[in-house]
Amino acid sequence: MSTEEAGLRSLSLLETFNTVLVESQQEFERVVKALARHRIVAFDSEGSNLSRKGDLTVASFLGLDNVGECNDSASVYLFDVKKLGKSAFSDIAPSLKPLLEDPNIRKITFDCRQDSDALYHQFGVTLRGVRELQVLEQAVRINSGEEVPTRNPYLKTSNVPFLKSMANTAQKYLSDNKEVMKWMANKQTTPHDTLWEHRPLSDRAINYASWDVYTIKLLYEKLHEVGELPEVLERAVEQYSARYESAFRDRATPLSSYSAEDKNFKVEEVPIVDPEAISRILGPRTPKSFPSYKNLKPLEKWDSAVKNLKNPTTDKSKAFNDVLFVLQHDYWYTSEGFQEIRRLADEFPFTPKQRGIIRNPPHLPDADDYGDYGDNGGSDSD
């Protein structure tokens, strides 16, 4: 189906792909019928502060399988939801609702949590059938031998594994695609707050939405070049993709930008498999490189302390200073962290004087202070 035959407003903004902007009901009906032939589509949506409270104003689709009339895999379809109104997701055909709710039509997404939240609370659409690229990318990393991302339970604010943005993911997997890299650089300078409210949509807004969904297509293809995942990881991708559908949508209250807990919930990368179980099934994972020891960073100090305490030949003064640093900074380390560091210290050959100070560490006058205690009882005679 050519854009001329469909009578659509076609915007060839870039040579890479063709963008079709759907604004009228007649255009809408024809494109929805064509999209319904697909079994796999890349999907994304846009809006100011996209969420149950922030209006979803643009929905983007790109067919990823060549089916029937929709055999142009380089055509991006942008639905101007602000112009089309709620009828775009009505219960009466034609509508985008059946496509988005059909679990047998695979929707390829990149962090669909806010999209799903907006679809449900604004239009009554329950997004299903998602294959989430943030989840799939973690599975690919694990399958390649990387460690499962996990939070350090001994630190309050450090070592939280963060989700990778689309730009970071594209940099890792699509760095040889100059057009994508150019777009990602331009995207960072695009003002987002009012971009989706103005009508007619600006070329910049159309570019933004088109490139996002096209990048989803490229990432999906790249991540599948590695071949089939082991069954344990494939099941995890299915399970956690479904969790993405409901993660924000099913909350009793919306996420708060003022809550530290909500901020962590939004940006933290949760493990999709149990680290110990996956090591038993697929073999040992490649450990993270030991971080450099500088600037008194909480995670680096923790890792240094643990590493030194596990080696009985470590210089006593070095190990002692690391233990004191942890015990004197309770705003960085959890009670579980204190218990663990004391347990390790009990097994290390400290001097009696060092053990006494560890039992009752001196209070720091300033929370940011850090003193080198030197030998501090480095010999039993001290």
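Begin by selecting strand 4 (residues 58-63) together with strand 5, and you will find that the two run antiparallel and are joined by four bridges. Keep in mind throughout the tour that this is a predicted model. To see how the two strands line up, pick out serine 60, which stands opposite leucine 78 in strand 5.

Next, keep strand 5 selected and add strand 2 (residues 18-22), which pairs with strand 5 in the parallel sense over five bridges. Here the residue to look for is valine 20, whose place is opposite tyrosine 77 in strand 5.

Now show strand 5 (residues 75-80) by itself and ask how many of its residues are buried. Six of its six residues are buried, and the strand is mostly covered. If you turn the view from one face to the other, you will find Ser75, Tyr77 and Phe79 buried on one side, while Val76, Leu78 and Asp80 are buried on the other.

From this strand, select phenylalanine 79 and display its surroundings: leaving aside residues up to four places away in sequence, Phe79 touches a list of residues that includes Val22, Phe28, Leu35, Val58, Phe61, Leu84 and Leu96.

Widen the selection to the largest nonpolar core, which has 80 residues, and colour Phe61, Phe79, Phe89, Leu100 and Leu133, the members that touch the most others. Helix 9 (residues 203-224) is worth highlighting here, since with 12 residues this helix gives the most to the core. Finally, move to another core that lies apart from this one, made up of 22 residues, among them Val306, Leu309, Ala319 and Ile341. In soluble globular proteins, nonpolar side chains tend to be buried together.

Key:
Residues are numbered from 1 along each chain as its sequence is written. This is a predicted model: local features need pLDDT of at least 70, side-chain atom pairs count only at pLDDT 80 or more; totals for chains, interfaces and linings use all residues. Side-chain values use heavy atoms; hydrogens and water are left out. A nonpolar core is a set of buried Ala, Val, Leu, Ile, Met, Phe, Trp, Tyr and Cys residues joined through side-chain atoms within 4.5 Å. Buried means under 20% relative accessible area, exposed over 50%, partly exposed in between (1.4 Å probe, protein chains only). Contact means heavy atoms within 4.5 Å. Two strands pair if DSSP finds at least two bridges between them.
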